[in-house]
Structures are given as structure tokens and as C-alpha cells.
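Good morning, and thank you for making time on the agenda. I should like to walk you through one structure, beginning with the part that I expect will interest you most.

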Amino acid sequence: MPERSYFDWNASAPLREQARRAFEEALALTGNPSSVHAEGRAARAVVEKAREQVAALVGARPGDVFFTSSGTEANVLALSPAWESAAEKRPRDRLFISAVEHASVQAGGRFSNALVEELPVDAEGRLRLDVLQKTLPKSTRPLLSLMLANNETGVIQPVAEAAALVHAAGGFLHVDAVQAVGRIACDINTLGADFLTLSAHKIGALKGVGALVRAREELHLADPLIRGGGQERGLRAGTENVAGIAAFGAAAAAAQARREAETKHMLGLRNKLEAALRAIAPDTVIFGEAAERLPNTTLFTLPGMKAETAVIAFDLEGIAVSSGAACSSGKVRPSHVLAAMGVSPALTRGAVRASLGWETAEIDVERFQIAWRKLASALSKGQRGIAA
Ligand code: PLP
């Protein structure tokens with residue numbers, strides 16, 4: 001197989017070496033973490049160590065981390081009317097979400113459709129705080145779900161400002177930090193979030209593992225998502241995925257230790273990539289460019305380009321990029337994120353995402369440039385078979 005360059009880290013990241021080791025060690029454990037014998041206690045110790053590592057990554061207490069089967073499941077767990085605090089036992093009466101949330105938040109979790117209200121974003125994809133402020137009084141016990149960074153554009157949301165507004169209105173804030181964690185500072189208390197969603201495979205652990213983190217012990221879910229054996233302190237029954245959780249913990253520790261160096265590394269290469277996009281094709285549009293963005297993500301297009309054909313052209317050159325949200329790739333559907341930002345359908349159809357990670361190297365960006373030069377020149381010559 002020829003050399004490949006992977007630019008789809010927002011879809012999934014490679015396994016970190018530390019995660020692989022933790023996973024393999026945990027595979028040797030026979031015990032069920034709920035069993036009281038030595039084998040059970042050994043498995044329990046692995047789960048609890050990982051809980052500490054994941055908690056440390058986001059500045060939470062280990063007792064406030066609940067492991068789930070994915071970021072998606074953590075989002076659904078968070079989006080329940082039945083979250084209560086010591087002071088407020090009545091159910092949440094409305095769910096507000098931004099118009100650019102991940103599909104698992106857009107679906108509204110366990111709120112009925114009539115109780116879910118979508119809030120607009122500005123042209124860069126940031127939540128309109130003025131609209132939030134005007135809309136919050138419709139509810140006395142709101143829940144707002146706002147992602148920290150968008151999976152398609154990388155645009156960072158004004159989470160701390162939104163938290164202040166929601167808390168003043170007596171509400172809770174859930175933050176989907178799946179794409180942000182490990183890439184920018186992500187401390188649950190600094191953000192002002194009451195709940196935070198994480199996904200293991202975006203930080204170098206396995207697919208099919210996630211966590212919901214709460215800010216305080218007093219936050220209680222009166223109606224658990226999965227009832228049964230009482231695992232995860234009654235919030236999410238089912239024998240724990242011990243090896244997957246062990247890998248998650250190890251990846252979290254590595255991501256925490258290397259965060260600043262990795263951010264700097266990704267940002268340097270992403271900036272080079274964007275400079276090359278424009279140097280080769282000055283008409284290149286980079287979505288959300290005027291906003292603060294993740295250091296690893298660029299969503300771009302050229303007028304006249306079609307994303308599906310561009311992704312195939314890149315792929316044939318050994319470059320893995322994606323069109324729109326990778327979670328739904330396979331289905332060709334226009335990006336709801338760009339539509340919410342007011343981007344024209346014609347430009348939306350051409351949006352291609354390149355996302356980088358800690359293993360991305362200069363050579364990858366060089367290969368990307370070669371592929372882009374071919375694609376852009378085919379487009380400008382009107383070779384519609386390749387790019388249009
Ligand atoms: N939230 C965001 C912002 C995502 O990008 C994704 C996946 O891409 C998810 C949630 C879902 O995470 P998982 O793949 O673990 O279900």
C-alpha cells in the first residue's frame with residue numbers, strides 16, 4: 001500500500017501507545033469489577049485508576065466521572081429532563097441547543113421534541129448569546145447543551161459566557177467537549193459546565209467508550225438511562241468495558257501531559273496547510289476563519305468544487321480527508337453546520353475537512369499540498385470529471 005497521510009482526526013484518532021499497553025494489560029484480567037474476590041478487585045482497580053485519569057484531564061473529581069459506551073451515549077445521558085440538584089428537584093422544563101450541535105445532541109436525548117428549542121449561530125458558527133439571553137426566560141428550569149468546539153469547522157463556542165447566562169436563569173449547562181479535549185484547555189469548572197461529554201477514540205483510545213462528567217456530586221439523575229446491576233453508581237448499568245476504560249484512562253493521562261506541546265505542533269502544521277491552500281488557490285474559502293478555532297481543524301472549499309469528488313481525488317493521492325461530518329459519512333447530506341452559518345448551498349456542497357493530530361508530520365502537509373495543487377488546477381481547467 002502506498003504511503004498514506006491521515007487528515008481525519010476529528011472522525012477518529014490512532015491509538016496512543018500508552019492506551020494500547022493499558023488495553024493489553026487489562027485484557028489479561030479475568031475478574032468482573034463488581035466481584036469482591038482478588039480477580040474482581042484487580043479489575044476494579046483498573047477502572048478506578050482510569051476514572052482518576054479521565055477526571056484529572058478535565059479538572060473533575062473521580063467520583064463525578066461516569067463511563068459510557070460512547071460520546072453519543074454520554075450526550076443522551078446528559079440530555080435528560082430528570083437531572084436535579086439538591087436545591088431543585090423538579091424536572092428540567094426545556095432543552096436549548098445551538099444549531100450546530102452534533103447529531104447526538106440535535107436528536108434531543110430524552111426530551112420530547114416539543115421541549116427542544118434550537119438557537120441560531122452567527123456567520124462564524126458561534127451561538128448568538130443575545131438570542132440565548134432573550135430566549136431563556138421561556139423556561140424556569142432550562143438545560144442548555146452547547147459544544148465546546150465544532151467537529152466540522154473547529155469553531156470554539158463562548159461557553160463560559162453562556163454558562164453565566166444559563167446559571168443566572170436557574171438552569172444547567174451541558175458541554176459536548178468531544179472535539180475540544182486534548183486540543184484546547186478544557187476544565188469543567190473554568191468552563192462553568194455542569195456536565196461534560198468526552199469520547200475515548202478522539203484522544204487516542206478505543207471507539208465505543210465515552211464518559212459523562214458532572215461538576216458536582218449534588219447533581220443527580222432521577223431516571224437512569226440503563227437500569228440493571230447498578231454499575232457506575234446506578235447511573236448506567238452493565239459490566240464495565242474494563243480494557244476499553246483502561247485505554248481511555250491511559251490516553252487521558254497522555255493527552256493531559258502532552259496537551260500544550262501537541263496543540264503547538266498541530267497549530268503550526270494546520271497554519272502551514274491553510275497557507276498552502278490559499279497560495280495554491282487564492283479563492284479558497286475557510287469556514288469559521290474569523291472565529292477562534294481548534295488548532296487542528298480546517299473546513300474549506302473552492303467555488304465549483306464538490307466535496308464527494310474532492311474527497312475521492314484526495315484519497316487517490318493517498319490523503320484521507322472527509323466531507324462534512326464524518327460521523328455521518330457514507331450518507332451525502334448537506335452540512336447543517338454550514339447551513340446554520342448562512343453559507344450558500346453551492347459552497348456547502350464543496351466543504352472538505354482536514355483535521356490533524358499529534359502524529360501529523362511536515363511530510364503529510366507536503367503530500368496534501370501536492371494533491372491540492374492537482375485538484376485546484378483540474379478545477380480551474382474545468383475538468384469536471386475530477387472536481388466538479
Ligand atoms: N460529539 C461530537 C462533537 C462529535 O464529533 C462526536 C463524534 O464525532 C460525538 C459527539 C460522538 O462521539 P462517539 O463517536 O464516541 O459516539
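**Where the two domains meet**

Between domain 1 and domain 2 there are 17 residue pairs in polar contact, counting pairs in which both residues have pLDDT of 80 or more. Please bear in mind that this is a predicted model.

Which elements supply at least two residues each to the side of domain 1 that touches domain 2? They are helix H8, covering residues 242-280, strand S12, covering 297-301, and helix H10, covering 336-340. Of these, H10 gives the most to that side of domain 1, with 4 residues. Sorted by class, the side of domain 1 facing domain 2 has 17 nonpolar residues, 9 polar residues and 5 charged residues.

How many salt bridges are counted between domain 1 and domain 2? The count is 0. The polar contacts I mentioned, 17 residue pairs, therefore stand beside an absence of salt bridges at this boundary, given that a salt bridge requires a side-chain nitrogen of Lys or Arg within 4 Å of a carboxyl oxygen of Asp or Glu.

Let me turn to the extent of the boundary. In total, 31 residues of domain 1 are in contact with 30 residues of domain 2. The area buried between the two domains is about 2500 Å², and carbon and sulfur atoms give 54% of it.

As for the division itself, domain 1 is made up of two segments, 5-13 and 259-380, while domain 2 runs over 17-253. The centres of the two domains, taken over C-alpha atoms, are separated by 28 Å.

Now to salt bridges in the structure as a whole. The structure holds 30 of them. One is formed by Arg94 and Glu117, whose closest N and O atoms are 2.9 Å apart. This pair links distant parts of the chain, since Arg94 lies in strand S4, residues 94-98, and Glu117 lies in strand S5, residues 116-119, with their positions 23 residues apart in sequence.

Finally, a word on confidence. The chain has a mean pLDDT of 95, and 96% of its residues reach 70 or more. Over residues 384-388, however, pLDDT stays under 50. For that stretch the model has 14 contacts beyond four places in sequence.

Conventions
Residues are numbered from 1 along each chain as its sequence is written. Side-chain values use heavy atoms; hydrogens and water are left out. Domain bounds come from an automatic or database domain assignment. Contact means heavy atoms within 4.5 Å. Buried area is the accessible area (1.4 Å probe) that two parts lose on being put together, summed over both. A polar contact is a pair of N or O atoms within 3.5 Å; within protein, one must be able to donate a hydrogen and the other to accept it, and residues adjacent in sequence count only if both atoms are side-chain atoms. Ala, Val, Leu, Ile, Met, Phe, Trp, Tyr, Cys and Pro count as nonpolar, Asp, Glu, Lys and Arg as charged, and the others, Gly among them, as polar. pLDDT is the predictor's confidence in each residue, from 0 to 100.
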